[in-house]
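Got the viewer open? Let's take a walk through the salt bridges, one selection at a time.

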Amino acid sequence: MDLFPEWFKAFKHVTLWPGMDMPVLSGQGGQIGFGQVSEDTEVPEHAHGGQWGVVLEGRVEFVIGGERRVFTKGDYYHIPAGVPHSARLAAGTAFIDVWEGQRFGEERMK
């Protein structure tokens with residue numbers, strides 16, 4: 001079941017990682033993405049500008065700067081710029097991520 005309204009499908013879509021395609025809105029200082037995964041998804045370690053997010057449904061396990069933390073519905077997280085991080089998202093997880101200065105789909109994460 002999709003958590004986000006049908007009209008979000010009109011937003012630009014980017015694929016951040018295999019299995020993680022999401023609608024995004026970009027502005028001068030950053031980008032916001034509306035994510036929902038249908039199967040367990042692993043995001044390899046990477047780093048970029050600052051990131052803030054909130055879990056709307058499900059479970060995300062992050063390793064941020066070597067520290068493992070689990071976030072569930074209603075939890076929010078902040079990853080400072082340049083800090084290496086990875087994630088495991090459980091099937092059915094929905095979230096909103098905001099990235100500082102990123103333009104995914106135009107500039108690939110490193």
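Start by selecting Glu57: this residue is partly exposed, at 31% relative accessible area. Keep in mind that you are looking at a predicted model.

Now add Lys73 to the selection. Glu57 and Lys73 make a salt bridge, with 3.3 Å between the closest N and O atoms. The two sit in distant parts of the chain, 16 residues apart: Glu57 is in strand S5 (residues 51-57), while Lys73 is in the loop between strand S7 (67-72) and strand S8 (76-79). Lys73 counts as exposed, with 55% relative accessibility.

Next stop: Arg68 and Glu61. Their side chains meet in a salt bridge at 2.4 Å, N to O. Which residues join them in one network? Add Arg59 to the view: salt bridges with shared partners connect Arg59, Glu61 and Arg68. Turn on the surface and check the two ends of the Arg68 pair: Arg68 is exposed, at 56% relative accessibility, whereas Glu61 is buried, at 13%.

For the last selection, pick Glu42 and Arg88. Here the closest N and O atoms of the salt bridge are 3.0 Å apart. Glu42 belongs to strand S4 (residues 41-46) and Arg88 to strand S9 (residues 85-89), so this pair ties together parts 46 residues apart in sequence. On the surface view, Glu42 counts as exposed, with 53% relative accessibility, and Arg88 as partly exposed, with 45%.

How many salt bridges are there by this rule? The count comes to 5, and the pairs on this tour are among them.

Methods:
Residues numbered from 1 in each chain as written. Predicted model: local features only at pLDDT ≥ 70, side-chain atom pairs only at ≥ 80, totals over all residues. Heavy atoms only, no water. Salt bridge = Lys/Arg side-chain N within 4 Å of Asp/Glu carboxyl O. Helix = DSSP H or I, 4+ residues; strand = E, 2+ residues; numbered from the N terminus. Buried < 20%, exposed > 50% of the residue type's maximum accessible area, 1.4 Å probe, protein only.
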